[in-house]
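Here are my notes on the two-chain model you sent over. Have it open beside you while you read, as I go element by element.

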Amino acid sequence: MADVEAPLTILYFAWLRERTGTAQESVTPPAGTATVGELIAWLEQRSPGYASAFANRRTVRCAVNQEFADPATRIGPGDEVAFFPPVTGG
Amino acid sequence: MSRISVQTENFDIGAEFAALTAGRTDIGGIGCFVGAVRGPVTAMTLEHYPAMTERAIACIVEEAERRWSLLACTVIHRYGRLCAGENIVLVLTAAPHRQPALDATAFLIDWLKTKAPFWKKEESASGGESWVEARLEDDAAAARW
């Protein structure tokens, strides 16, 4: 899939949820947004809270459609993209 | 044969043990790991990614089943607010012999810690709250398998 043309569902967990002030939202990024990394670049410009959430990229993990992903992972219309810190279960 | 549950309520280790082994005579060894909330934190809240958690745990269990000759396996992981001393996670594995049971149990908890979408927020006696940071030792423990 080339560009995101339909809304994406974005989920935030743990301190990414706290910093963005959002648990879940539906967004339509600009045309040409084709990867998770490009989505982050757009999201972090939305507000100081978003900028803070994504400030240290090394501590941000992601999943696309409930599968672990990385900044190079391609995204398409209707995808569910989740952002979270490294997991700490067990 | 595996049982996976992500739940808020506590688990009954004896009942899970009995369910794992009921009617079987082919099990020679059973591995068991229980993770608990350890002081001095007074409590912690576990958050997870509901749509992904069970699938992620199932992938980890499938990997264990590929690597060892497991006869049965149980993974129960709790979420929500848990106080010091409460159980967090249960791993049970049954195999024909002790080594696969013990190794698969260690593998499962190591991978659960680094590959299942849970996040812990700790509460201290002073009333402070902080997110638990992932530890390099946990990554190293997961990478040794």
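**Notes on the predicted model**

1. I'd begin with Ala101(B). Its contacts, leaving aside neighbours within four places in sequence, are Gly29(B), Ile30(B), Gly31(B), Thr93(B), Ala94(B) and Ala95(B). Bear in mind throughout that this is a predicted model. Ala101(B) sits in helix H3 of chain B and counts as buried because 25 C-beta atoms lie inside 10 Å of its own; the cut-off for buried is 20 or more. There is also a link to Leu70(B): the two C-alpha atoms are 7.2 Å apart, although 31 residues separate them along the chain.

2. Now look at Lys115(B), in that helix too: H3 of chain B covers residues 98-115, and Lys115(B) is part of it. Is Lys115(B) buried, exposed or in between? It comes out as partly exposed, because 17 other C-beta atoms lie within 10 Å, and the in-between class takes whatever is above 12 and below 20. Beyond its neighbours within four places in sequence, Lys115(B) is in contact with Ala56(B) and Ile60(B), and also with Val87(A) from the other chain. Its C-alpha atom is 9.6 Å from that of Cys59(B), 56 residues away along the chain.

3. As for where H3(B) lies, the helix goes across E2, E4 and E6 of chain B, and its direction is at about 150° to E6(B).

4. The sheet under it is an open one of four strands, ordered E1-E4-E6-E2 (chain B), and the pairing is mixed. E1 and strand E2 (29-36) of chain B are the edge strands, each pairing on one side only. From one strand to the next the twist averages 5°. H2(B) packs on this sheet as well, touching E1 and E4 of chain B, with its direction at about 150° to that of E1(B).

5. E4(B) deserves its own point. It is joined to E1(B) by six bridges, and those two run parallel. Two of the facing pairs are easy to pick out: Ser2(B) stands opposite Cys73(B), and Gln7(B) stands opposite Arg78(B). With strand E6 (residues 87-95) of chain B, E4(B) pairs in the antiparallel sense, again over six bridges; here Ile76(B) stands opposite Leu90(B). Six of the seven residues of E4(B) are buried, so the strand is largely enclosed by the rest of the structure.

6. Helix H2 of chain B (residues 50-67) has 18 residues and spans 27 Å from first to last C-alpha, close to the 26 Å expected at 1.5 Å a residue. Which residues of H2(B) are buried? They are Met52(B), Ala56(B), Ile57(B), Ile60(B), Val61(B) and Ala64(B). Because they cover an arc of only 170° around the axis, they fall on the same side of H2(B). An α-helix has 3.6 residues a turn, so residues three or four places apart point the same way. Over on the other side of H2(B), Glu62(B) and Arg66(B) are exposed.

7. What covers the buried residues of H2(B)? The cover includes strand E1 (2-7), strand E4 (72-78) and H3 of chain B, together with strand E3 (61-64) of chain A. So don't overlook chain A when you look at this helix.

8. Chain A has a sheet too: an open one of five strands in the order E2-E1-E5-E3-E4 (chain A), with mixed pairing. Its edge strands are strand E2 (24-27) and strand E4 (67-69) of chain A, each pairing on one side only. The twist here averages 30° from one strand to the next. E3(A) and E4(A) run antiparallel and are joined by three bridges, with Val64(A) opposite Glu67(A).

9. Last, the interface. How many residues of each chain take part? There are 13 residues of chain A in contact with 21 residues of chain B. Helix H1 (14-20) and strand E5 (80-84) of chain A each supply at least two residues of the side of chain A that touches chain B. By type, that side of chain A divides into nine nonpolar, four polar and no charged residues.

Notes:
Residues are numbered from 1 along each chain as its sequence is written. Chains are lettered from A and ligands numbered from 1 in the order in which they are written. This is a predicted model: local features need pLDDT of at least 70, side-chain atom pairs count only at pLDDT 80 or more; totals for chains, interfaces and linings use all residues. Two residues are in contact if their C-beta atoms, placed from the backbone, lie within 7 Å. The expected span of a helix is 1.5 Å times one less than its number of residues. The arc is that of the directions from the helix axis to the C-beta atoms. Two strands pair if DSSP finds at least two bridges between them. Axes are lines fitted to C-alpha atoms, for helices over the stretch in contact, and angles run from 0 to 180 degrees between N-to-C directions. Ala, Val, Leu, Ile, Met, Phe, Trp, Tyr, Cys and Pro count as nonpolar, Asp, Glu, Lys and Arg as charged, and the others, Gly among them, as polar.
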